[in-house]
Amino acid sequence: MEIPPLRKFEKTLQCKSDKSVTHRAVMFNAMLTGARATVENPLISEDTLSTVECMRRLGARIEVGGNEIRIINGGIRNNAELDCGNSGTTMRLLAGLLSGRVGKSFYLGGDASLSARPMKRVVEPLGKMGAKIECSGFPPLSISGAPLVGIDYEMPVKSAQVKSAILLAALNASGVTTVHESTKSRDHTEKMLAAMGADITVTDACVSIVGGAKLSPVNVRVCGDISSAAFLFALAAGMRGGRVTVKNVGINPTRTGIIDVLKAMGADVEIENRTDKVEPTADITVSGRVRKPVAVGGNIIPRLIDELPVIAVLTALCEGESVIKDAAELKVKESDRIAATVKLLKDLGVEAEQTDDGMRVFGKGYIEGGACADSMGDHRMAMAAAVAMSLSEKGGTLVGAQACAVSYPDFFEILTQ
């Protein structure tokens with residue numbers, strides 16, 4: 001796909017629905033026997049449809065249509081072979097959810113990209129709970145449901161998916177399970193389980209859940225996905241005169257690191273019309289071209305892990321050295337996003353170098369462009385490349401643009417309107 005330079009970006013848009021919340025709203029309601037619930041304003045994408053199809057194969061009756069996903073009759077009734085597609089969230093959360101289903105067996109596989117993503121990080125803590133999972137360290141997973149016991153677990157990696165898998169397993173475990181985090185990761189699972197009636201206690205440092213609580217289904221209206229909105233923010237903040245207002249953006253504090261970084265880089269950010277729901281939302285307007293190099297690392301990383309490739313693109317527009325560190329988790333996403341981002345920047349004429357846990361970008365205040373880049377089948381890299389080319393002097397050619405369908409199927413329609 002040819003991506004020409006974008007000279008103007010002034011838009012008001014509805015935020016794309018949140019992928020993380022959609023996965024959980026569907027899965028958590030559909031796991032409850034006999035449950036009926038409606039998920040309004042869901043993200044309909046390849047990843048979330050993988051979750052829908054997996055829950056169907058497990059026995060739930062689910063209908064999709066009319067900007068809703070309807071759980072008509074929930075329940076996990078079947079042994080099943082499950083295709084998680086490209087969705088690490090689907091696989092890791094299901095590993096926790098299914099491990100305690102005594103007497104049942106499950107096989108979880110996925111596409112080539114998912115099959116290269118590490119699963120030892122979730123298999124090990126589940127094994128400490130008594131789970132019986134056969135796995136080489138990477139997909140596929142073979143699960144034989146077994147009795148589980150609560151554990152006290154110190155998270156070695158900053159991963160909301162791993163934390164969520166443990167908490168879901170804890171629902172079917174005897175006793176109390178406590179998960180300790182050095183830095184609080186996304187807490188959508190905790191919020192939704194609490195709304196469903198789980199016996200759960202949350203502090204900044206840890207989450208505890210008592211097994212065996214009876215859960216009730218909940219209707220969910222999905223908020224906007226700040227990780228998707230970040231690419232629109234970057235387009236506005238990367239050009240003089242750019243301005244975008246994105247409505248209904250989820251502003252869960254565990255997800256708003258991108259706002260802090262945009263402000264630090266010199267962009268203007270206005271937050272209006274706040275709501276205070278289970279997942280808080282607001283309308284966010286970004287304008288004013290970025291100009292200040294930044295150092296991004298430490299506790300903010302879990303709050304913007306998915307946005308780091310496009311943040312790196314913006315640093316190329318700031319004169320001076322910017323540093324991204326403490327982000328080794330990027331290596332085990334849909335692609336090695338550290339290597340992929342550095343290659344993208346270099347291909348487009350930006351001086352950048354890879355480090356063990358991030359990168360350095362030596363911004364010149366502009367991006368030359370004019371080259372070809374490959375998304376590596378990674379939706380975030382496809383959108384980051386498109387933003388970089390749009391903000392460059394010469395544009396570029398993007399191979400694998402269709403990867404966006406995983407999380408933002410109409411991204412290029414917005415870009416080219």
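**Exercise 1. State how β20 and strand β21 (residues 320-324) pair, then place β20 in its sheet.**

Solution.
- β20 and β21 pair in the parallel sense, over two bridges. The model is a predicted one.
- Within this pair, Ala295 stands opposite Val323 in β21.
- Now widen the view. The open sheet has four strands in the order β20-β21-β23-β22, and its pairing is mixed.
- β20 (295-296) and β22 (351-355) are the edge strands. Each has a single partner strand, so one side of each is left without a neighbour in the sheet.

**Exercise 2. Find the strands that helix α10 (residues 337-347) lies across.**

Solution.
- α10 lies across β22 and β23 (358-363).
- Its direction is about 165° to β22.

**Exercise 3. Describe how helix α1 (residues 19-30) packs with helix α6 (residues 188-195).**

Solution.
- Start with geometry. The angle is about 35°, and the axes are 10 Å apart.
- Next, handedness. α1 passes α6 in a right-handed crossing.
- Then the contacts. α1 brings Ser20, Val21, Arg24, Ala25 and Phe28. These meet His188, Thr189, Met192 and Leu193 in α6.
- Sort them by class: five nonpolar, three polar and one charged residues.

**Exercise 4. Compare the span of helix α5 (residues 160-171) with expectation, and decide whether its residues are buried or exposed.**

Solution.
- α5 has twelve residues. From first C-alpha to last it reaches 17 Å, close to the 16 Å expected at 1.5 Å a residue.
- Apply the burial cut-off, under 20% relative accessible area. Twelve of the twelve residues are buried, so α5 is largely enclosed by the rest of the structure.
- Among the buried residues are Gln161, Lys163 and Ser164, along with Ile166, Leu167 and Leu168.

Methods. Residues numbered from 1 in each chain as written. Predicted model: local features only at pLDDT ≥ 70, side-chain atom pairs only at ≥ 80, totals over all residues. Heavy atoms only, no water. Expected span 1.5 Å × (residues − 1). Buried < 20%, exposed > 50% of the residue type's maximum accessible area, 1.4 Å probe, protein only. Axes fitted to C-alpha atoms, helices over the stretch in contact; angles between N-to-C directions. Left-handed = near helix turned anticlockwise from the far one by under 90°. Contact = heavy atoms within 4.5 Å. Nonpolar A, V, L, I, M, F, W, Y, C, P; charged D, E, K, R; others polar. Pairing = 2+ DSSP bridges.
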